[in-house]
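Subject: Structure handover and notes

Hello,

Here is the structure you asked to look at. My notes come after it.

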Amino acid sequence: MIEIVDTKPEEIKGTNARGNYHFFKQKAILRAVDRDGIEEVRTFAVVSNPGETYEPGDDYALSPDCLYLARDDRGNDVLRVRRGVKLVRVGSGARAKAA
């Protein structure tokens, strides 16, 4: 389960060699449980476009379109996460809610 913990997203604006950029950054917590019932907790930042920030307190999961299947160096299939993480609200299937 993924939980958004920032009540106010950090707005990031600027200009670089590729042009202007504008996005929001929010702190999130990933809670995963392995098959032995051991919980692992990690914090990370999720980035969203203006008007697509996530509501704190709601439970989210990774959107299937941000995952892909690849092969590791031993030829095994592994599930990987794309750089642009998208979340979906658990239970509703709705995309990110506007701020």
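The notes below go from the whole chain to single residues.

Please keep in mind that this is a predicted model.

Overall make-up

The chain contains 8 strands and 0 helices, so-called β-β-β-β-β-β-β-β when read from the N terminus. The C-alpha trace spans about 40 × 35 × 25 Å along its principal axes. Of the 99 residues, 20% count as buried. The accessible surface is about 7,200 Å², and carbon and sulfur atoms account for 47% of that surface.

Taking contacts between residues at least 6 apart in sequence, 48% join residues at least 24 apart. As for charge, there are 17 positive and 16 negative side chains. The centres of these two sets lie 6 Å apart.

Salt bridges

The structure has 5 salt bridges. I describe three here, including the one between Glu3 and Arg31.

In the Glu3 and Arg31 pair, the closest N and O atoms are 3.5 Å apart. Glu3 belongs to strand β1 (residues 2-4) and Arg31 to strand β3 (residues 19-33), so this bridge ties together parts of the chain that are 28 residues apart in sequence. Glu3 has a relative accessible area of 25%, so it counts as partly exposed. Arg31 is also partly exposed, at 33%.

Asp58 and Arg89 form another bridge, with 2.9 Å between the closest N and O atoms. This pair likewise links distant parts of the chain, 31 residues apart. Asp58 sits in the loop between β4 (39-48) and β5 (59-62), while Arg89 is in strand β8 (residues 87-89). Which of the two partners is buried, and which is partly exposed? Arg89 has 18% relative accessibility and counts as buried, because the cut-off for buried is under 20%. Asp58, at 26%, counts as partly exposed.

The side chains of Glu40 and Arg42 also meet in a salt bridge, at 2.5 Å from N to O. Glu40 is partly exposed, with a relative accessible area of 41%. Arg42 reaches 53% relative accessibility and therefore counts as exposed, the limit for that class being over 50%.

Aromatic pairs

The number of aromatic pairs is 2. One of them is formed by Tyr54 and Tyr60, whose ring centres lie 5.3 Å apart with the planes at 75°, so the pair is edge-to-face. The cut-off behind that label is an angle over 60 degrees. Both Tyr54 and Tyr60 are buried.

Around Ser48

Where does Ser48 lie? Ser48 is part of strand β4. With 3% relative accessibility, Ser48 counts as buried. Apart from its neighbours within four places in sequence, Ser48 is in contact with Phe23, Phe24, Gln26, Thr53 and Tyr54. Tyr54 thus appears twice in these notes: Tyr54 is in contact with Ser48, and the ring of Tyr54 pairs edge-to-face with that of Tyr60.

If you open the model in a viewer, the residues named above can be found by their numbers, which start from 1 along the chain as its sequence is written.

Regards

Notes:
This is a predicted model: local features need pLDDT of at least 70, side-chain atom pairs count only at pLDDT 80 or more; totals for chains, interfaces and linings use all residues. Side-chain values use heavy atoms; hydrogens and water are left out. Rings of Phe, Tyr and Trp (its six-membered ring) pair if their centres lie within 6.5 Å; planes under 30 degrees apart count as stacked, over 60 as edge-to-face and the rest as tilted. Buried means under 20% relative accessible area, exposed over 50%, partly exposed in between (1.4 Å probe, protein chains only). A salt bridge is a side-chain nitrogen of Lys or Arg within 4 Å of a carboxyl oxygen of Asp or Glu. Helices (H or I, at least four residues) and strands (E, at least two) are DSSP runs, numbered from the N terminus. Contact means heavy atoms within 4.5 Å. Accessible areas come from the Shrake-Rupley method with a 1.4 Å probe; for residues, only the protein chains shown count as cover. Lys and Arg count as positive and Asp and Glu as negative; His and the chain ends are not counted. The place of a charge is taken as NZ of Lys, CZ of Arg, CG of Asp or CD of Glu.
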